[in-house]
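Visitor: I have some labels to check. Can you take me through the reasoning behind them?

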Amino acid sequence: MTALLKKACVIGDPIAHSLSPVIHGFWISQYGVNAAYERAHVAVREFPGFISALRANGYVGANVTVPHKETAYRLVDRLDETAKGISAVNTLWFDGDVLAGANSDVAGFLGNLDEGSPGWDEGVQIATVIGAGGAARAVIKALDNRNVPEIRITNRTEGRARQLLADLRIDAEIIQWEKIQTAVERADLIVNTTTLGMAGHTALELDLSAAVSTALVTDIVYTPLKTPLLEAAERTGLRTVDGLGMLLHQAVLGFTHWFGLTPQVTPALRTAVLTALREKAV
Ligand code: ATR
C-alpha cells in the first residue's frame, strides 16, 4: 500500500517570489517522500478562514510569510517557545487536533552560524545587532538562547529597539543610530538584520576595524550573497557567513514536523536555491 500524499504550503501575499517551494521540493525529491509543497496566495482578509480550513483542505501544515506572520501568532492553539516574544509565527503543523506554531528563524540563524563558523558561540563576549524588525527579534532571541554575555542593538527608530527588548524580556544595550560606529567597538559578532545592503537599497557603511580582530560578521540579506557589509568585513580580515544559510536552515523545522524526517542542508540544496534566485533575477 502506498502512503497517502502529504501536502503542505507556504501562505503569503505576494507569494510568487517565495523560495520555500524550491527548498521543500528539493528535499521531497531527494528523500523520495510522497509529499507536495504548494504556494498559497492568500489575502489578509482571507487568512483566518484559510487557517481554519487548513486541515479540511488536506494540509498537514504550512509556512507563513509576509504579511501573515503576526496574525498566525494570534491564531494558533499552541505556541512554541521560540515564537514567544517574537510575536510572529512562520511554521504551522498539527499535533493531534492542536494547531501548533513556531518561529523557525531562531533555529535558522543558529543553524547557519553553526554550519558556517562552527564553535562561533564559544568565545563571543559582545554581539552587535543592527536593526529591530522581525528578523532582529529572532536573532536576539537566538543570541540570548546561546547565552551571549553582552548584546548591543542599534536601530534607526530607537523606540522599536526598546519595544523589542521589552517584548523579549532581554537585557541589552541600546546604542543610538547616529552612534552606530561605537556599536562596532570590541564586538566579536556583528549581525545586520536591516534591509540596508540589499540589491536596490543603500549600503550599510561601517568601519569594522574597531571590532575584535577575530570577529564574525553576518548578514540576513542574501541578495546579493556578498553584501557591501560582508565585503567590508573581508577587506578588514574578519570572518563572514552569508545570509542564505538562514533561509535554508529555517526550513528544516517544518519539513521535520510535516513529513517525519529531518532534512539536511547540503551544498546541493544551496546550489539549487542559488540557481532559482538567479532565474528570478532575470
Ligand atoms: P524584517 O521583518 O525583515 O526584519 P522589518 O520589520 O520591515 O523587516 O524591519 C526592517 C529593518 O530595517 C528595521 O530595523 C528598519 O529600521 P526602522 O525600524 O527604523 O524602520 C531597517 N531599515 C529599513 N530601511 C532602513 C534605512 N534606510 N536606514 C536604516 N534602517 C533601515
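Guide: What follows sets values against cut-offs, in a predicted model.

Visitor: Why is L79 called partly exposed?
Guide: The relative accessibility of L79 is 25%. Buried means under 20%, and exposed means over 50%. The value for L79 falls in between, so L79 counts as partly exposed.

Visitor: Where is L79 placed?
Guide: L79 is in strand β4, residues 78-79. A strand needs at least two residues.

Visitor: Which residues is L79 in contact with, leaving aside its neighbours within four places in sequence?
Guide: Y73, K84, V89 and G101. Contact means heavy atoms within 4.5 Å.

Visitor: What separates the C-alpha atoms of L79 and L230?
Guide: A distance of 35 Å. Along the chain, L79 and L230 are 151 residues apart.

Visitor: Now the ligand. Which residues come nearest?
Guide: There are 13 residues around the ligand. A132, N155, R156, T157 and R160 come nearest.

Visitor: What makes the pair between R156 and the ligand a polar contact?
Guide: A polar side-chain atom of R156 lies 2.9 Å from an oxygen atom of the ligand. The cut-off is a pair of N or O atoms within 3.5 Å. Therefore the R156 pair qualifies. A132 offers a polar backbone atom, 3.0 Å from a ligand oxygen. For T195, a side-chain N or O atom is 3.4 Å from a nitrogen atom of the ligand. That value is also within 3.5 Å, so the T195 pair counts.

Visitor: How much of the ligand does the protein bury?
Guide: Taken alone, the ligand exposes 640 Å², and the protein buries 68% of that.

Visitor: Which pocket does the ligand take?
Guide: The largest pocket.

Note on methods: Residues are numbered from 1 along each chain as its sequence is written. This is a predicted model: local features need pLDDT of at least 70, side-chain atom pairs count only at pLDDT 80 or more; totals for chains, interfaces and linings use all residues. Side-chain values use heavy atoms; hydrogens and water are left out. Helices (H or I, at least four residues) and strands (E, at least two) are DSSP runs, numbered from the N terminus. Buried means under 20% relative accessible area, exposed over 50%, partly exposed in between (1.4 Å probe, protein chains only). A residue is near a molecule or strand if one of its heavy atoms lies within 4 Å of it. A polar contact is a pair of N or O atoms within 3.5 Å; within protein, one must be able to donate a hydrogen and the other to accept it, and residues adjacent in sequence count only if both atoms are side-chain atoms. Accessible areas come from the Shrake-Rupley method with a 1.4 Å probe; for residues, only the protein chains shown count as cover. On a 1 Å grid over the protein atoms alone, a cavity is a set of points where a 1.4 Å probe fits but cannot get out, and a pocket is an open set with protein on both sides within 12 Å along at least five of seven lines; lining residues have an atom within 4 Å of a point. A molecule sits in a cavity or pocket if more than half of its atoms lie within 2 Å of its grid points.
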